[in-house]
Amino acid sequence: MTRTRKTPTRTCVGCGRADEKRGLVRIVRTTDGHIELDPTGKANGRGAYVCPSVECFDAAAGRRRFDSALRVHLHDDDLDRLRRDLETLLNSAAISQQGR
Ligand SMILES: [Zn+2]
């Protein structure tokens, strides 16, 4: 028996790229039915993953991928809010990666 453990991967609902969980941004339907960005990846609920990129978010949103992944109907204002949250997250992540 080998003890090799594959790192579990998740698939971006925008472009279909598979990556480690921490390489993707999780969007979660919380147990009380809200749709939130989940930067920690630890929130309870059904999740969908996208690359840390607005392009993939837009691709997924345009094809209604979140609806089927999360089994909800997302309204445009939900998508707008998530997109803004994602942009904020990406901006702060870019800054911290540069060590500033
Ligand atoms: Zn992607």
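## A helix with a buried side, and the sheet it meets in the core

In helix α1, which runs over residues 54–62, the buried residues include Cys56, Phe57, Ala60 and Ala61. These residues lie on the same side of α1, because they cover an arc of only 135° around its axis. A general rule helps here: an α-helix has 3.6 residues a turn, so residues three or four places apart point the same way. Please keep in mind as you look around that this is a predicted model.

**The whole protein**

- The protein has 3 helices and 5 strands, and along the sequence they follow the pattern β-β-β-β-β-α-α-α.
- Its C-alpha trace spans about 50 × 35 × 25 Å along the principal axes.
- Of its 100 residues, 23% count as buried.
- Take the contacts between residues at least 6 apart in sequence: 52% of them join residues at least 24 apart.

**How confident the prediction is**

- The average pLDDT of the protein is 91, and 91% of the residues score at least 70.
- Confidence is highest in α1, at a mean of 97, and lowest in α3, at 90.
- As a reading tip, where pLDDT is low, the predicted coordinates should not be read in detail.

**More about helix α1**

- What does the face of α1 turned away from its buried side carry? That face has the exposed residues Glu55 and Gly62.
- Arg64, just after α1, takes a positive phi of about 60°.

**The sheet**

- Three strands make an open sheet in the order β4-β3-β5, and their pairing is antiparallel.
- Strands β4 and β5 (46–50) are at the edges with a single partner strand each, so one side of each is left without a neighbour in the sheet.
- On average, neighbouring strands of this sheet are turned by 30° against each other, with direction ignored.
- Strand β3 (residues 25–29) pairs with β4 over 4 bridges in the antiparallel sense, and Val28 has Glu36 of β4 as its bridge partner.
- β3 also pairs with β5 in the antiparallel sense, over 5 bridges, and here Arg26 has Tyr49 of β5 as its bridge partner.

**The hairpin and its second strand**

- β3 and β4 form a hairpin, with 5 residues between them.
- In the turn of this hairpin, Gly33 has a positive phi of about 95°.
- Which side chains of β4 (residues 35–38) are buried? Ile35 and Leu37 are buried and point to one face, whereas Glu36 and Asp38 point to the other face and are not buried.
- Glu36 therefore appears twice in this picture: its side chain is on the face of β4 that is not buried, and Glu36 is the bridge partner of Val28.

**The nonpolar core**

- The largest nonpolar core has 19 residues. Those touching the most other members are Cys12, Val13, Val25, Ile27, Tyr49, Val50 and Ala60.
- Which elements give two or more residues to this core? They are β3, β4, β5, α1 and α3 (76–97).
- α1 gives the most, with 4 residues.
- Val50 is a good residue to click on. Leaving aside neighbours within four places in sequence, its contacts include Cys12, Val13, Gly14 and Leu24.
- Val50 is also in contact with Val25 and Ile27, and with Cys56, Phe57 and Ala60, and those last three are among the buried residues of α1.

Key
Residues are numbered from 1 along each chain as its sequence is written. This is a predicted model: local features need pLDDT of at least 70, side-chain atom pairs count only at pLDDT 80 or more; totals for chains, interfaces and linings use all residues. A residue is buried if 20 or more other C-beta atoms lie within 10 Å of its own, exposed if 12 or fewer, and partly exposed in between; C-beta atoms are placed from the backbone. Two strands pair if DSSP finds at least two bridges between them. The arc is that of the directions from the helix axis to the C-beta atoms. Axes are lines fitted to C-alpha atoms, for helices over the stretch in contact, and angles run from 0 to 180 degrees between N-to-C directions. A nonpolar core is a set of buried Ala, Val, Leu, Ile, Met, Phe, Trp, Tyr and Cys residues joined through C-beta atoms within 7 Å. Two residues are in contact if their C-beta atoms, placed from the backbone, lie within 7 Å. pLDDT is the predictor's confidence in each residue, from 0 to 100.
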